[in-house]
Amino acid sequence: MQIPLNAKVEATDGNVGQVGEVLQDPESGDLTHLVLLENHIFGKTQVTLPISAVDRVDEDKVYLKLDKADIKRLPTVPVKKKGEKEGEPVEQVEMVARVWD
């Protein structure tokens with residue numbers, strides 16, 4: 001499965017953002033997760049989703065097995081804003097994902 005960067009991401013009930021990164025297992029090379037970039041009025045957030053949450057991939061769109069409510073319940077990480085300095089305190093967030101097959 002190939003997942004293009006910046007591809008639109010669709011939940012079962014509509015658009016939820018775009019692909020920011022794709023993560024792979026360093027030993028096997030298998031894709032393990034995609035990082036969903038969500039744009040909100042209050043800024044951008046990232047949600048890490050396991051590949052098992054992906055239903056299918058078209059040329060420029062990734063379709064998920066999850067709906068917007070499922071994604072909203074997952075933990076998010078704020079995207080660093082331009083102008084923020086290195087070394088500033090960063091909130092530590094433990095990433096957890098739930099997937100339903």
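This dialogue reads the salt bridges and one strand pairing in a predicted model.

Student: What is the general idea behind a salt bridge?

Tutor: Side chains of opposite charge can pair when their charged atoms come close. Here the cut-off is 4 Å, from a side-chain nitrogen of Lys or Arg to a carboxyl oxygen of Asp or Glu.

Student: How many salt bridges does that rule give?

Tutor: The count is three.

Student: Which residue does Lys61 meet in a salt bridge?

Tutor: Its partner is Glu10, with N to O at 3.9 Å. Lys61 lies in strand β6, residues 61-64, and Glu10 in strand β1, residues 8-11, so the pair ties together parts 51 residues apart in sequence.

Student: Is Glu10 buried or exposed?

Tutor: Glu10 is buried, at 16% relative accessible area. The cut-off for buried is under 20%. Lys61 has 22% relative accessibility, so Lys61 counts as partly exposed.

Student: Which residue forms a salt bridge with Arg73?

Tutor: Asp70 does, and the closest N and O atoms are 2.5 Å apart. Check accessibility on each side. Asp70 is buried at 13%. Arg73 is partly exposed at 49%.

Student: And which residue pairs with Arg56 in a salt bridge?

Tutor: Asp55, with 3.6 Å between the closest N and O atoms. Arg56 is partly exposed, with a relative accessible area of 41%. Asp55 is partly exposed too, at 45%.

Student: Now the strands. In what sense do β5 and β6 pair?

Tutor: Antiparallel, over three bridges. Strand β5 covers residues 54-57. For a position to look at, take Arg56: Tyr63 in β6 stands opposite.

Student: What joins β5 to β6?

Tutor: A hairpin, through three residues. Glu59 sits in the loop between these two strands.

Student: Is Glu59 buried or exposed?

Tutor: Exposed, with a relative accessible area of 76%. The cut-off for exposed is over 50%.

Student: How many residues apart in sequence are Glu59 and Ala7?

Tutor: They are 52 residues apart in sequence. In space, their C-alpha atoms are 8.2 Å apart. Read both separations for such a pair.

Student: Let me recap strand β6. Lys61 in β6 is tied to Glu10 in β1. The strand also pairs with β5 in the antiparallel sense.

Tutor: Right. Add Arg56 to the picture: this residue forms a salt bridge with Asp55 and stands opposite Tyr63 in β6.

Technical notes:
Residues are numbered from 1 along each chain as its sequence is written. This is a predicted model: local features need pLDDT of at least 70, side-chain atom pairs count only at pLDDT 80 or more; totals for chains, interfaces and linings use all residues. Side-chain values use heavy atoms; hydrogens and water are left out. Helices (H or I, at least four residues) and strands (E, at least two) are DSSP runs, numbered from the N terminus. Buried means under 20% relative accessible area, exposed over 50%, partly exposed in between (1.4 Å probe, protein chains only). Two strands pair if DSSP finds at least two bridges between them.
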